[in-house]
Amino acid sequence: MSLGQVLLVAALAVPALGAAVVALLPGGDRAARVAGTVAAGLTLLATLPLAGGDRSWTAFGPAPAVRPWHRLDLPWVPALDLRFHLGVDGISYPLVVLTALLTLLCCAYTLWRVPDGGGSGRALVALLLVVEVGILGTFLALDLVLFFVFFEVVLLPMYAIIAGWGGADRRRAAAKFALYTLLGSVLLLVGVYVVVAAAGTADLLALTGGTGLSRGTQLAAFTLLGLAFAVKSPLWPLHSWLPDAHTQAPTVGSVILAGVLLKMGTYGLIRVAVGVAPEGARWAAPVLGVLAVAAIIVGSLVCLAQGELKRLIAYSSVGHMGFVLLGVATLTATGLQAALIGNVAHGVITGLLFFLAGAIKDRAHTGALAELSGLRETAPRLAGLLGFAAVASLGLPGLAGFWGEAFAVVAAIGRGGPLWTTLGVLAAVGGALTAAYLLRLLRRVTHGPASPAVGRIGPGLAAAEWTAWAPLVLLALAVGLAPTLVLGVAADPVAALVGVLR
């Protein structure tokens, strides 16, 4: 096996083994959490060198449209011609590294504080590692059935995280998350069956471009797959599970949910739905664009009226992911690039926002905006970090949030025609509303005299908090100032994918 193949296996095997070690390790709860954090760190080290490899994209024509930098292809279920087929390219690599980084930061955060609930820190870390296996496997799978299996691995452990360590209404929120996700899973399973039965293969390298699929099959497949991924993304009006799950989940659960779990939907939409059924994508693009802009506007308007901190950030995800989906809907290189960098930026910035929201709620014992005024008077460092994260989220140029939203609008207007021009203009209005609700958030939380709840907050921050937050602050700056960190690695695979859409 080559080094790249070893690293692909290690990216999945290390967190899986780490979860088993954490669950079975004799000794105290803290020792198990340390072991889980070490496993998450080793996973990040395994994913970083996956960049590079075979970059000879210019050598091929319309097919194949996917050429991984590193690839592992082994028999899995020979009787059904299913293979354990893994690979990584410029579309999946940034999300793989982001997943490994956020999992490490969440595991490290548990060394400082385990959220209240019925479970131990040991169990929480083990579940985080299992979720990591499912998410990484989703981004690395190049077999459609294997993709479905990894997609489903995430469901039960995330349900357990919300139900075990969440807020007062955690069980209802966890059940809602599970029911919506199961609905998406059923649609995904049927879509996978339609594609595999019609094409006679589950290999995504062979399927990309719609090879072997009739127009009718592609329309049916995209409808099923698109709805399945819309639930996970989430696309309005299938988003109602998200605010409850985010609000009730513990801090680390919210970070993983917002940071990378939602990206499974948008990644699947690009890699599987658009790639496998390009005719279906072209047919459904206007509807997807309209729903994406509706998500932007609705999410922003709800945020303007929202009075709870975590719930506001949760609804902001609906709007931000709307920009990602608008980029995908344009089916252009600019739009897909905007979607990819928007994915990464949202994961970094919203992950930071949920870390900060959790810190504020833990100290003030409330998330009501009306009770959180004057934060800069008692905790200026925490208020400053919240201000940085908010302006990054509203798309300030020079920070990561700018590129995805700006170029999604550019892509929509560049697509031309009355519909797409209107969608681009409405999305730009949604961007202005995003700025409005985030500035409202800062005014309510950081300005004015300190409320009694905020008066209890001390000025200091724990070392574990700085450790968890600093990489996200640096990444928001780095991606904002040097977007080529994401766009550079994704340029060639996006060009190849656009080639099969024409």
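Is Val-445 buried or exposed? Keep that residue in view as we walk through this predicted model.

Val-445 sits in helix H18, which covers residues 417-446. Its relative accessible area is 0%, and buried means under 20%, so Val-445 is buried. Who are its neighbours? Leaving out residues up to four places away in sequence, Val-445 touches Leu-369, Leu-372, Ser-373, Gly-374, Leu-375 and Leu-386. You can also find Thr-378, which is 67 residues away from Val-445 along the chain, with 11 Å between the two C-alpha atoms.

One of those neighbours, Leu-375, leads us to the largest nonpolar core. This core has 188 residues, and Met-158, Leu-375 and Trp-469 touch the most other members. Helix H14, residues 333-364, supplies the largest share of the core with 18 residues. Now look around Trp-469: setting aside neighbours within four places in sequence, its contacts are Tyr-109, Leu-352, Phe-355, Leu-356, Ala-359, Leu-382, Leu-385 and Leu-461.

Next, let's turn to the surface. Here Val-34, Val-38, Leu-42, Leu-45 and Leu-48 make a nonpolar patch of about 430 Å². Leu-42 belongs to helix H2, residues 29-47. Its relative accessibility is 46%, which lies between the 20% and 50% cut-offs, so Leu-42 counts as partly exposed.

Our last stop is a pair of strands. Strand S1 (residues 70-77) and strand S2 (residues 82-88) pair in the antiparallel sense, over seven bridges. Within this pair, Pro-75 stands opposite Arg-83 in S2. Four residues lie between the strands of the hairpin, where Asp-81 takes a positive phi near 55 degrees.

Notes. Residues are numbered from 1 along each chain as its sequence is written. This is a predicted model: local features need pLDDT of at least 70, side-chain atom pairs count only at pLDDT 80 or more; totals for chains, interfaces and linings use all residues. Side-chain values use heavy atoms; hydrogens and water are left out. Two strands pair if DSSP finds at least two bridges between them. Helices (H or I, at least four residues) and strands (E, at least two) are DSSP runs, numbered from the N terminus. A nonpolar core is a set of buried Ala, Val, Leu, Ile, Met, Phe, Trp, Tyr and Cys residues joined through side-chain atoms within 4.5 Å. Buried means under 20% relative accessible area, exposed over 50%, partly exposed in between (1.4 Å probe, protein chains only). Contact means heavy atoms within 4.5 Å. Patches are made of residues with over 30% relative accessible area and no salt bridge: like charges are joined within 9 Å, nonpolar side chains (Val, Leu, Ile, Met, Phe, Trp, Tyr) within 5 Å. Accessible areas come from the Shrake-Rupley method with a 1.4 Å probe; for residues, only the protein chains shown count as cover. A salt bridge is a side-chain nitrogen of Lys or Arg within 4 Å of a carboxyl oxygen of Asp or Glu.
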